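Let's take a walk through this model together, starting with its strands and then turning to its charged side chains. Keep the viewer open as you read.

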Amino acid sequence: MAENRQDPENPPQGSPRTAPTDAPAPTAGADGAGPTGPGPRRSAVRSLLRLWPYARAVRGRLAVSVTTATLGMLSTLAVPVVLGLIVDGPLAEHDLAGLWPLVGLLLLLGLVEAALFYTRRVVLARPLAGLETAMRGDLFAKLQRLPVSFHDRWGSGQLLSRATADMYTMRLFLAFPLVFLIVNSVMFLAGTAVMFTQDWRLALIALIPAVPLFVLTRRFESGYSGAARLAQDQNGDIATLVEESVLGIRILKAFGRHRSMAERFRAQTQQLRRTELHKAHLLANLWAVIVGLPEIALGCALAVGSYLVAHDELSAGTLVAFLSTALALRWPVESLGWLLAYANEAATATDRFFEVLDEPDTPEADTPAPGAAGGPAARDGIRLTGVRFRYPDAPDGTPDLLAGIDLHIRSGETMALVGATGSGKTTLTALLPRLYEATGGTITLDGRDIRELPRQRLRELVAVAFEEPTLFSATVRENVLMGAPGAGEEQLRTALATAQAGFVEKLPQGPDTEVGEQGLSLSGGQRQRLALARAVVGDPAFLVLDDPLSALDVHTEALVERALREVLGATTALVVAHRPSTVLLADRVAVLADGRIAAVGTHQELLRDCAHYRELMSGEATPVPDGPLLSKGGHA
């Protein structure tokens, strides 16, 4: 059962909220792509500087890499000087003996350049791989700390693309473009100085394109950054769609909807194709000017230089050296477009990475609100006092989903929670382990406000079995013992027996059998029984079960109920129930209606005194209609 929630600010399609304002408007993407909306205008340099805390660990290697690459590039500037000496010396004087030392010097310069560039790559390869690993580890750890409400707003593909493609982009930027943005700038300045020493007139002619190129690159950067951000977000949307299609392949095949999903995929890939072509168009325009203008300037310099040589105002060797120097500067100039493009790609990847890291962590334990329970009471059970809740993205003006819950589950008691579909039962159970934060009121466990408890301790006390059982790509043992990492073999066997999961022994490797992604190799009832075993394996002090028997047949349900009674007798439990058989597990029953507890009593008392309860148990209750409180998040 789930309450859907409409979200006008966060439609099911689009890119993350923090997309830059200079980016083109996001196009439709996969459902759940993450929050959308305008963000502050970004600076590529400011974004890339945020990598410094990570890059600081490899700053020595970066310095060595920049130094060796700079020396390698500068060695290429020595080649034109040697060529000039050859032309004006041995060639002009027909001195063959004097030629060989200079040829040997050229060969030595080539070997030095190769050795320096080899050193640059070797020096950075290992540490940058470690840096990428550290960043990915920080991102994953952050995702584990962020509240469930964050994951409701973000598509899994958007997060996956940040942990994979964006990481690679940032690492490659540090390994190559960053180094050569620095090296090429030094190379250009040094080459310009050499050209001025050779002939200032030709140097001025060669530098004429500098001003228009500066203006053009500034315009290119502002346009390309938006396109790069949009492409990365669209990649995340596609990853989300692919993941949904793979996980939902049974549904797609059963309903014959694979063609419609293929159309959605084709539409999104066409959007990405258009964005990538737009990026290529911007880069092609920049390259055309970057390559064309210097070539024209070089042609003019050659014409003027030839005139000066013809009139004995310049030696042929100097002209050859000048032209060789100018040609050596072609790579630093022509690579400018590619380096700027990749720098913007890395800047947007950095923005996307820090969008997740900048999300505020929920504190481990909060200061209790005024009037909250102070010290622990003796076996007070679970007490909810004036608890209110509304989803953060619920439209303004809509009532709270939970509008003041007052409920006391006595220590050692099992309370069944019933209500119409969409009334908020599952949402209420999610408040106990603080998967969501109550927006008002207090919840105490044995007299201790749950906001005072560190989350790790709270979730050791409260075990949960959700309505939709989730298993991981691991063994049965690992999935069940996730509920109590320190539990032993006997506790594992006891939990499996309680959940009537005897089928485990018939699996190929018993409890050590891999269940596959999301446990889809098992039936729905088998997954639900393993989820129930995971909840009870640690003998929790407080147990929350969200309709734990919905996928079981009548015979298995009866066996599980019989075993559960023993477990429930030793804990304080809240059980979301839809069927009379599940209700009978409880000592008392609470009826949830209109965001409040409408009645509390035993099953027989409520059948006698509460008309709404009779309707629920007879199957004649009218479900809560889908309204403004319902949204794509699918939470109850």
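**From the sheet to the salt bridges**

In this predicted model, four strands make up an open sheet with antiparallel pairing, ordered β2-β1-β4-β5. At its edges sit β2 (402-409) and β5 (448-449), each of which pairs on one side only. Strand β1 (residues 382-389) runs antiparallel to β2, and six bridges join the two. To find your way along this pairing, look for Leu-384, whose bridge partner in β2 is Leu-407.

Now for the charged side chains: the structure holds 30 salt bridges. One of them is between Arg-171 and Glu-132, at 2.4 Å from N to O. Arg-171 belongs to helix α7 (residues 165-175) and Glu-132 to helix α4 (residues 96-145), so this contact ties together parts 39 residues apart in sequence. Arg-171 has 23% relative accessibility and therefore counts as partly exposed, while Glu-132, at 10%, counts as buried.

Next, go to Arg-352 and Asp-233, a salt bridge whose closest N and O atoms are 2.5 Å apart. This pair links helix α14 (residues 330-357), home of Arg-352, with helix α10 (residues 210-247), home of Asp-233, across 119 residues. Both Arg-352 and Asp-233 are buried. They also take part in a network of salt bridges with Arg-162, Asp-166, Arg-229 and Glu-355.

Helix α14 has another contact to visit: its Glu-345 pairs with Lys-279 of helix α12 (residues 258-310), 66 residues apart. Their closest N and O atoms are 2.6 Å apart in this salt bridge. Lys-279 is buried at a relative accessible area of 7%, and Glu-345 is buried at 14%.

Methods. Residues numbered from 1 in each chain as written. Predicted model: local features only at pLDDT ≥ 70, side-chain atom pairs only at ≥ 80, totals over all residues. Heavy atoms only, no water. Pairing = 2+ DSSP bridges. Salt bridge = Lys/Arg side-chain N within 4 Å of Asp/Glu carboxyl O. Buried < 20%, exposed > 50% of the residue type's maximum accessible area, 1.4 Å probe, protein only.
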